[in-house]
Amino acid sequence: QVLNRRGGPFDAQDERVATALAAQCAVALQRSRMLEELLEKQRMERELQVAREIQMRFLPQKMPDLPPYEFAGWMRPADQTGGDVFDTIPAGDRRVALLLGDATGHGIGPALSVTQVRSMLRIALRLDAQLDAAFKNINDQLAADLSSNRFVTAFVGLLDADAHEMRFHSAGQSPVIHLVAATGEARELPTTALPLGMFAGFPVPDPPKLEMAPGDIVALITDGVFEREAEQEGGGLFGTERVADLLRAHRTGPLDEAIAAIVAAADAFGGTTPQADDMTLLLVRRAEG
């Protein structure tokens, strides 16, 4: 403030000095505000990095040892945190539960939603809940917790390694590819229910049963892979056929190599186009012979 000049009123010279001082003050204030914003941004980035590390630790650190089956999984969020999740959960008696979830959007909110699905499924299985009951209760709890414009598409399967069959519920999660080793055909498994959390109390049909023959692969993949956009204009989406072709080409090698090939091909297809959605894959194969 410039107040109460001694010796008479302020003149033009006083005005010029005050303007110069005000300009310097404005620069100092602006720099101070920019520094505060930078520090706040750095704090948020550190918190997001911690959230990413926590989310990635929720992914399986070791795949099940369940001969004659092999498992492999991978996820890359589009942001620091993502709205995808996958899991392999031991369910006793040579059985393992498979989960692939994809919440609407990506970021902190969807990450919390899919983490909730994973946690509820793990607790249900620890309490020896049946697949149908776990599926129904997870849906009803999400419907109570999420806003009306939020939901989670999910595939929940229970693989019996002795009976060589998988019972599953697919809540809007499509496509799920079943590669038949005997013919090379890539079948798409049907969806069995609406996405989780859309509304409570929807009827849960009997889960379909999938027979796993020697060499068969089930590929659980989110739409961040299938819908990767081409770099060139009008190039379309990566699509299911390219994924199926890559599964056929790598059907006898390690599943980690099949995942690496699919991711590399999708990235090459997208080129410099930024990854618009989370990319997640979970593959399971019955060994041949």
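In this predicted model, five strands form an open sheet whose order is S1-S10-S9-S6-S7, and the pairing is antiparallel. The edges of this sheet are taken by strand S1 (69-76) and strand S7 (186-188), each of which pairs on one side only. Neighbouring strands are turned against each other by 15 degrees on average when direction is ignored. Helix H5, which spans residues 239-249, packs on this sheet and touches strand S6 (176-179), S7, strand S9 (217-221) and S10, with a direction that makes about 35 degrees with that of S6. At one edge, S1 and strand S10 (residues 279-286) pair in the antiparallel sense over 8 bridges, and within this pairing Glu70 stands opposite Arg285 in S10.

A further open sheet of 5 strands has the order S2-S3-S4-S5-S8, again with antiparallel pairing. Strand S2 (84-90) and strand S8 (209-211) stand at its edges with a single partner strand each, so that one side of each is left without a neighbour in the sheet. The twist from one strand to the next averages 20 degrees. Helix H3 packs on this sheet through contacts with strand S4 (152-160) and strand S5 (165-171), and the direction of H3 makes about 15 degrees with that of S5. Strand S2 is joined to strand S3 (residues 95-103) by antiparallel pairing over 7 bridges, with Ile89 placed opposite Ala97 in S3. The loop between S2 and S3 contains Asp93, a residue other than glycine whose phi is nevertheless positive, near 55 degrees.

The helices that pack on the sheets also pack against other helices. Two packed helices are described by the angle between their axes and the distance between the axes. For helix H2 (residues 108-126) and helix H3 (residues 131-145), the angle is about 145 degrees and the axes lie 10 Å apart, in a crossing that is right-handed. On the H2 side the contact is formed by Ser113, Gln116, Val117, Met120, Leu121 and Ala124, which meet Ala134, Ile138, Gln141, Leu142 and Asp145 in H3. The residues of this contact divide into 7 nonpolar, 3 polar and 1 charged.

Helix H5 has a helical partner in helix H6 (residues 255-270): the two axes come within 10 Å and cross at roughly 145 degrees, and H5 passes H6 in a right-handed crossing. Arg242, Val243, Leu246 and Leu247 of H5 make this contact with Ala261, Ile262, Ala265 and Phe269 of H6. The residues involved comprise 7 nonpolar, no polar and 1 charged.

Helix H1 (residues 12-57) contains 46 residues and reaches 67 Å from its first C-alpha to its last, close to the 68 Å expected at 1.5 Å a residue. The N-terminal end of H1 is capped by Asp11, a side-chain oxygen of which lies 3.2 Å from the backbone nitrogen of Gln13.

Two peptide bonds that precede proline residues are cis. One of them joins Pro67 and Pro68, with omega of about 5 degrees, and Pro68 is placed in the loop between H1 and S1. The other runs from Ser174 to Pro175, with omega near -5 degrees, and Pro175 is found in the loop between S5 and S6. Most residues other than glycine have a negative phi, and most peptide bonds are trans.

Terms used:
Residues are numbered from 1 along each chain as its sequence is written. This is a predicted model: local features need pLDDT of at least 70, side-chain atom pairs count only at pLDDT 80 or more; totals for chains, interfaces and linings use all residues. Side-chain values use heavy atoms; hydrogens and water are left out. Axes are lines fitted to C-alpha atoms, for helices over the stretch in contact, and angles run from 0 to 180 degrees between N-to-C directions. Helices (H or I, at least four residues) and strands (E, at least two) are DSSP runs, numbered from the N terminus. A crossing is left-handed if the near helix is turned anticlockwise from the far one by less than a right angle, and right-handed if clockwise. Contact means heavy atoms within 4.5 Å. Ala, Val, Leu, Ile, Met, Phe, Trp, Tyr, Cys and Pro count as nonpolar, Asp, Glu, Lys and Arg as charged, and the others, Gly among them, as polar. The expected span of a helix is 1.5 Å times one less than its number of residues. A polar contact is a pair of N or O atoms within 3.5 Å; within protein, one must be able to donate a hydrogen and the other to accept it, and residues adjacent in sequence count only if both atoms are side-chain atoms. Two strands pair if DSSP finds at least two bridges between them.
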